[in-house]
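Reader: I would like to learn how to read a few features in a new model. Could you take me through them one at a time?

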Amino acid sequence: MTANEPLPYERVLLKLSGEALAGDSGMGIDPDKTAYIAQRVHEVYELGIQVAIVIGGGNLWRGEPAAKLGMDRSTADHMGMIATVMNGLALQDAIERLGIVTRVQTAVEMNSIAEPYIRLRAIRHLEKGRVVILSGGIGSPYFTTDSAAALRASEIHADVIVKATKVDGVYSADPVEHPRASRFSRLSYQEVLDQQLRVMDTTAFTLCQENMMPIIVLDFWNPTDLVAALRGDVSIGTLISELPGRQPSLPM
């Protein structure tokens with residue numbers, strides 16, 4: 001697209017895993033990784049795109065494994081929700097150091113450190129040019145942050161969910177185990193289901209399908225891919241929407 005053409009997206013929801021903040025150990029909050037994420041957000045913000053973020057908490061706590069070891073699942077999941085708030089505050093600090101006003105909202109009330117999640121307030125923040133970090137999941141156990149991303153994106157009328165991964169899109173098979181696997185440039189929701197491609201958990205993906213919420217899966221760690229995809233470069237990542245995609249051949 002040329003510089004004068006309108007951008008295809010005005011409001012995006014960026015879904016990050018908690019591990020995106022972690023260092024080499026996969027745990028904790030790494031300042032360098034946090035600064036990298038903030039820089040990518042800054043670049044999107046500079047395009048004039050409104051940015052909301054949902055981040056996981058797996059770098060600090062994982063509820064499901066704890067539950068399998070005997071912890072009450074609701075307790076374990078609530079601890080995970082708190083972990084997402086901690087990540088949200090760390091990310092807020094990094095983004096604000098780049099000069100962007102940022103708000104953390106949480107579905108688990110912590111009034112002294114973050115705003116409660118209120119849909120219309122979140123939308124108003126976005127309209128005023130603030131980045132909004134939506135933490136605390138959906139406030140209920142048994143739901144992943146993928147589900148939170150799908151729900152919040154629909155509620156705030158985002159144009160697309162960007163799922164940040166370490167892989168440059170959705171493949172016909174695991175590209176590590178199958179080097180000849182092909183990357184899809186575009187898929188329909190039904191094609192994802194028919195081919196049992198794992199994009200999000202079933203609840204989250206169904207919510208996106210029912211609300212016709214597009215999903216872009218891309219390599220967040222390639223520093224140019226996020227901006228390129230949001231500027232409409234169809235060669236970046238995989239776009240999942242209601243329209244049918246192009247089927248690559250399956251690996252032998």
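Reader: Let me start with one side chain: is Trp-221 buried, partly exposed or exposed?

Author: Happy to help, and please keep in mind that this is a predicted model. To class a residue, look at its relative accessible area: under 20% is buried and over 50% is exposed. Trp-221 comes to 27%, so Trp-221 counts as partly exposed.

Reader: Which ring does Trp-221 pair with, and in what geometry?

Author: For ring pairs, read the distance between centres and then the angle between planes, where over 60 degrees is edge-to-face. Trp-221 pairs with Phe-220, 5.5 Å centre to centre and with 85° between the planes, which is edge-to-face. Phe-220 itself is buried, at a relative accessible area of 2%. Ring pairs also bring in Tyr-36, making a cluster of Tyr-36, Phe-220 and Trp-221. And the ring of Trp-221 has the charged end of Lys-33 sitting over it, 5.4 Å from the ring centre.

Reader: Where else does a charged residue lie over a ring face?

Author: Look at Arg-152, which lies over the face of Tyr-117 at 3.8 Å from the ring centre.

Reader: Back to ring pairs: how many aromatic pairs are there?

Author: The count comes to four. One of them is Tyr-189 with Phe-205, edge-to-face at 5.8 Å between centres and 70° between planes. Tyr-189 belongs to helix α6 (residues 189-194) and Phe-205 to helix α7 (residues 202-210), so this pair ties together parts 16 residues apart in sequence. Tyr-189 is buried, with a relative accessible area of 3%, and Phe-205 is buried at 3% too.

Reader: What should I check in a helix such as α3?

Author: Compare the expected span with the end-to-end distance. With 24 residues (73-96) at 1.5 Å a residue, α3 should span 34 Å, and its end C-alpha atoms are 35 Å apart, which agrees. Then look at the start of the helix: Asp-72 caps the N-terminal end of α3, with a side-chain oxygen 3.1 Å from the backbone nitrogen of Ser-74.

Reader: And what is the volume of the largest pocket?

Author: Rolling a probe the size of a water molecule over the atoms shows where empty space is left. Here the largest pocket has a volume of about 1300 Å³. Its lining has 48 residues, with Lys-15, Ser-17, Arg-62, Asp-146 and Lys-163 nearest the centre. Elements giving two or more residues to that lining include β1 (11-16), α5 (145-155) and β6 (160-165).

Reader: Which element gives the most to that lining?

Author: That is α3, with five residues.

Terms used: Residues are numbered from 1 along each chain as its sequence is written. This is a predicted model: local features need pLDDT of at least 70, side-chain atom pairs count only at pLDDT 80 or more; totals for chains, interfaces and linings use all residues. Side-chain values use heavy atoms; hydrogens and water are left out. Helices (H or I, at least four residues) and strands (E, at least two) are DSSP runs, numbered from the N terminus. The expected span of a helix is 1.5 Å times one less than its number of residues. A polar contact is a pair of N or O atoms within 3.5 Å; within protein, one must be able to donate a hydrogen and the other to accept it, and residues adjacent in sequence count only if both atoms are side-chain atoms. Rings of Phe, Tyr and Trp (its six-membered ring) pair if their centres lie within 6.5 Å; planes under 30 degrees apart count as stacked, over 60 as edge-to-face and the rest as tilted. Buried means under 20% relative accessible area, exposed over 50%, partly exposed in between (1.4 Å probe, protein chains only). A charge sits over a ring if NZ of Lys or CZ of Arg is within 6 Å of the ring centre and within 35 degrees of the ring normal. On a 1 Å grid over the protein atoms alone, a cavity is a set of points where a 1.4 Å probe fits but cannot get out, and a pocket is an open set with protein on both sides within 12 Å along at least five of seven lines; lining residues have an atom within 4 Å of a point. Grid points are joined across faces, edges and corners, and a volume is the space filled by probe spheres set on the points.
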